Amino acid sequence: MDLVALQGILDNLSFAVLFATMLIYWLGAAFPQIPYASTLGTAGMAIANLSTATLLAARWIEAGYFPLSNLYESLFFLVWGITTMHLIAENMSKSKLVGVVTAPVAMSITAFAALTLPDTMQASAPLVPALKSNWLMMHVSVMMLSYATLMVGSLLAIAFLVVTRGQNIELKGSSVGTGSYREKSYQLHRSEEVSVNAGGTAVLEQTTLSPQRLTLADTLDNISYRVIGLGFPLLTIGIIAGGVWANEAWGSYWSWDPKETWAFITWLVFAAYLHSRITKGWQGRRPALLAAAGFVVVWICYLGVNLLGKGLHSYGWFL
């Protein structure tokens, strides 16, 4: 079997399936009456997950090392992680809105890896000496899984902001999603908006959302918290493993390399998110904004730093 040709087929198949899945989720959200849209969307994400896993397995057999040594491999590993977390989050939330935000991100990453990267960057190559270590699987795989998990959690937080129209609604469920309850008024209290009626009397304006929209917002808030709560310890383990590997390879646990610095910033952002929810009891818009900022920070840590082509983590990427 030609494993190189198989990889080329699978990366294009993953793109095609994710593109179709994205359209299905969007059509299902716009026209809920379309039959089987949700089932087809879930099936599409499962097929993309399987094809990506098969691609990575073929690369592993062909190259003889765990497929996380260059940008092409790490991008498809990220897609596999995002589609896996999507299936978990969708099953937890029972909401097809999850796919509306996760499918386009997974599709865009696949398109970049399969259609944009030059052939030289897609091909496997012998490992550089620094990567010839068992820590490659331990550190990089855990970091990539943490990125995928934190991205999905952040996307759900962004979906929450869209569903609630960015308003500061009062959620009366617990942060972990148990014992949820809400008053029957279903009102958004916006004390800053005051109008004056014809009689000159100040009137507080209230914006209302439907019970269905608020229930969906409550679900997205809770699932986002749970997913980020899973991604944060993965990020912590990945950073610790990286420190141990750095000491083994370079003689220092921490050198404030650009990648290390941004990994620490990412850790701080999501630590602040969890701290605000666990100790401060924040829910709704404020932690969602933190998570949305975290989505940007994760991308800076993953790709932005490597665009500079500087530091100890620059090999095998852009420059």
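Analyst: A definition to start with: a helix axis is a line fitted to C-alpha atoms over the stretch in contact, and angles run from 0 to 180 degrees between N-to-C directions. In this predicted model, helix H1 (residues 3-30) and H4 pack with their axes 8 Å apart and an angle of about 155 degrees.

User: Why are H1 and H4 called roughly antiparallel to each other?

Analyst: Roughly antiparallel applies to angles over 145 degrees. The angle between H1 and H4 is about 155 degrees, so the pair earns that name. The crossing itself is left-handed. On the H1 side the residues that meet H4 include Phe 15, Leu 18, Phe 19 and Trp 26, and among their partners in H4 are Gly 99, Ala 103, Ala 106 and Met 107.

User: And what makes H4 and H6 oblique to each other?

Analyst: Here the axes of H4 (residues 97-116) and H6 (residues 135-163) cross at roughly 125 degrees and come within 9 Å. Roughly perpendicular covers 65 to 115 degrees and roughly antiparallel starts over 145. An angle of roughly 125 degrees falls in neither range, so H4 and H6 are called oblique. H4 passes H6 in a right-handed crossing. Leu 97, Val 98, Val 101, Thr 102 and Val 105 from H4 meet Val 152, Leu 155, Leu 156, Ala 159 and Val 163 from H6.

User: How do you know that Thr 83 is buried?

Analyst: Buried means under 20% relative accessible area. Thr 83 has 0%, so the label follows. Thr 83 sits in helix H3 (residues 71-93). Leaving aside neighbours within four places in sequence, Thr 83 touches Leu 18, Met 45, Asn 49 and Ala 106. Leu 18 and Ala 106 also turn up in the packing of H1 with H4.

User: What makes the Tyr 72 and Phe 76 pair edge-to-face?

Analyst: There are nine aromatic pairs in the structure. For Tyr 72 and Phe 76, the ring centres are 5.1 Å apart and the planes are at 65 degrees. A pair needs centres within 6.5 Å, and edge-to-face needs planes over 60 degrees apart. Both conditions hold, so Tyr 72 and Phe 76 form an edge-to-face pair. The two residues are four apart in helix H3, which means about one helical turn between them. Tyr 72 has a relative accessible area of 2%, so Tyr 72 is buried. Phe 76, at 1%, counts as buried too.

User: Then why is the pair of Trp 299 and Tyr 302 tilted?

Analyst: The planes of Trp 299 and Tyr 302 are at 55 degrees, with ring centres 5.8 Å apart. Stacked needs under 30 degrees and edge-to-face needs over 60, and the rest are tilted. At 55 degrees the pair therefore counts as tilted. Trp 299 and Tyr 302 are three residues apart in helix H9 (residues 285-307), so about one helical turn separates them. Tyr 302 is buried, at 0% relative accessible area. There is also an aromatic cluster made of Trp 60, Phe 66, Phe 77 and Trp 80.

User: What makes Tyr 36 exposed?

Analyst: Exposed means over 50% relative accessible area. Tyr 36 has 64%, so Tyr 36 counts as exposed. You'll find Tyr 36 in the loop between H1 and helix H2 (37-63).

User: What is the phi of Tyr 36?

Analyst: Tyr 36 has phi near 65 degrees, a positive value in a residue other than glycine. Most residues other than glycine have a negative phi. Lys 94 also has a positive phi, near 60 degrees. Lys 94 lies in the loop between H3 and H4 and is exposed, with a relative accessible area of 64%.

User: Which stretch with pLDDT under 50 has 22 contacts beyond four places in sequence?

Analyst: That would be residues 315-319. Residues 201-206 also stay under 50, with 17 such contacts in the model. Where pLDDT is low, the predicted coordinates should not be read in detail. For the protein, mean pLDDT is 81, and 80% of residues reach 70 or more.

User: How many helices and strands does the protein have?

Analyst: Nine helices and two strands, in the order α-α-α-α-α-α-β-β-α-α-α along the sequence. Of the 319 residues, 47% are buried.

Terms used: Residues are numbered from 1 along each chain as its sequence is written. This is a predicted model: local features need pLDDT of at least 70, side-chain atom pairs count only at pLDDT 80 or more; totals for chains, interfaces and linings use all residues. Side-chain values use heavy atoms; hydrogens and water are left out. Buried means under 20% relative accessible area, exposed over 50%, partly exposed in between (1.4 Å probe, protein chains only). Contact means heavy atoms within 4.5 Å. pLDDT is the predictor's confidence in each residue, from 0 to 100. Rings of Phe, Tyr and Trp (its six-membered ring) pair if their centres lie within 6.5 Å; planes under 30 degrees apart count as stacked, over 60 as edge-to-face and the rest as tilted. Angles under 35 degrees count as roughly parallel, over 145 as roughly antiparallel, 65 to 115 as roughly perpendicular and the rest as oblique. A crossing is left-handed if the near helix is turned anticlockwise from the far one by less than a right angle, and right-handed if clockwise.
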